[in-house]
Amino acid sequence: MKAQFIYHKLSRFVYLYKYKKSKLTVTTDLYLNTIDTTKKNYIEVFQNNSRYLFSLLDIIKIINTQLSYSPYFYPEPLMCKNPYNNMIFTKSILYNIYLYIKKSDYKIPVLLQKFFECDFNLDIFETKNEQLIIDEYIKRYIHSANNDELVIRIRNMIKIYAPKLDIHEDFPIKDRKSTRLNSSHTDISRMPS
């Protein structure tokens, strides 16, 4: 027991030493705006002997994008990675991110909450949340796709699943950018892309 206690103390000491000697590698958000460290809307991630600043919105978008990855609408969530060095976030980093978001003013994204409940195990997360992953991907897809692309997809769906349905050729109206497909799904418009 005493040896374990000393080991943990030494490990903590080594971690703090590396942290203090590390260089702050990234000080901007993903849009290259300087992160204001006097506010609480950022998180510092220590990885590979370097420190990275992320705005909370950026880190939430990164995690949502990775966890809702669904090529051809088939869920294949990916491990969350640091976009600056392409290294996977360790479980301890993910716990730190989760806890930091939890005590901030931001709402914890549903996928991150479910990932946390699965102890950040991607296989269990995918198995238990398949439908939720697809739903989140579809919301993000509808929000980010342009109108022409959505019209093509909708027309193709109608041809395949309702071939007897006759749609007027002017549907949808060309200049409906302000109404978009989100009019009946207002919660989608507030989702991060």
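The dialogue below walks through several features of one predicted model.

Visitor: Which conventions should I keep in mind here, and what elements does the chain have?

Guide: Residues are numbered from 1 along each chain as its sequence is written, and side-chain values use heavy atoms, with hydrogens and water left out. As this is a predicted model, local features need pLDDT of at least 70 and side-chain atom pairs count only at pLDDT 80 or more, whereas totals for chains, interfaces and linings use all residues. The chain has eight helices and three strands, where helices (H or I, at least four residues) and strands (E, at least two) are DSSP runs numbered from the N terminus. In order from the N terminus, the elements run α-β-β-β-α-α-α-α-α-α-α.

Visitor: How much of the chain is buried, and what accessible surface does the chain have?

Guide: Buried means under 20% relative accessible area, exposed over 50%, and partly exposed in between (1.4 Å probe, protein chains only). Buried residues account for 33% of the 193 residues in the chain. The accessible surface comes to about 13,500 Å², with 56% of it belonging to carbon and sulfur atoms; such areas come from the Shrake-Rupley method with a 1.4 Å probe, and for residues only the protein chains shown count as cover.

Visitor: Which strands does S3 pair with, and in which sense, parallel or antiparallel?

Guide: Two strands pair if DSSP finds at least two bridges between them. Strand S1 (residues 23-26) is joined to S3 by three bridges and the two run parallel, with Val26 having Tyr52 as its bridge partner in S3. Strand S2 (residues 42-47) pairs with S3 in the antiparallel sense over six bridges, among them the one that makes Ser50 the partner of Gln47. S2 and S3 form a hairpin with two residues between them, and Asn48 in the turn has a positive phi of about 55°.

Visitor: What should I look for on the two faces of S3?

Guide: In a regular strand the side chains alternate between the two faces of the sheet. In S3, Ser50, Tyr52 and Phe54 on one side are buried, and so are Arg51, Leu53 and Ser55 on the other, which leaves both faces covered.

Visitor: How many salt bridges are there, and where do they lie?

Guide: A salt bridge is a side-chain nitrogen of Lys or Arg within 4 Å of a carboxyl oxygen of Asp or Glu, and a search of the whole structure finds four. One of them involves Arg51, whose closest approach to Glu44 is 3.5 Å between N and O atoms; Arg51 is buried at 18% relative accessible area, whereas Glu44 is partly exposed at 28%. Another joins the side chains of Asp119 and Lys91 (3.0 Å, N to O). Asp119 lies in the loop between helix H4 (110-117) and H5, and Lys91 in helix H3, so the pair ties together parts that are 28 residues apart in sequence.

Visitor: What can you say about Glu136 in helix H6?

Guide: Glu136 forms a salt bridge with Lys139, the closest N and O atoms being 3.7 Å apart, and these residues, three apart in helix H6, are separated by about one helical turn. Glu136 is buried at 10% relative accessibility, while Lys139 is partly exposed at 25%. The C-alpha atom of Glu136 is also 6.2 Å from that of Ser68, a residue 68 places away along the chain.

Visitor: How are aromatic pairs described, and how many are there?

Guide: A pair of aromatic rings is described by the distance of the centres and the angle of the planes. Rings of Phe, Tyr and Trp (its six-membered ring) pair if their centres lie within 6.5 Å, and planes under 30 degrees apart count as stacked, over 60 as edge-to-face and the rest as tilted. The count by this rule is 12 aromatic pairs. For Phe54 and Tyr84 the centres are 5.6 Å apart and the planes stand at 40°, so the pair is tilted. Phe54 lies in strand S3 (residues 50-55) and Tyr84 in the loop between helix H2 (56-67) and helix H3 (91-103), so the pair ties together parts that are 30 residues apart in sequence. Phe115 and Phe120, by contrast, form an edge-to-face pair, at 5.1 Å centre to centre and 85° between the planes. Both Phe115 and Phe120 belong to one aromatic cluster, which also includes Tyr95, Tyr98, Phe116 and Phe125.
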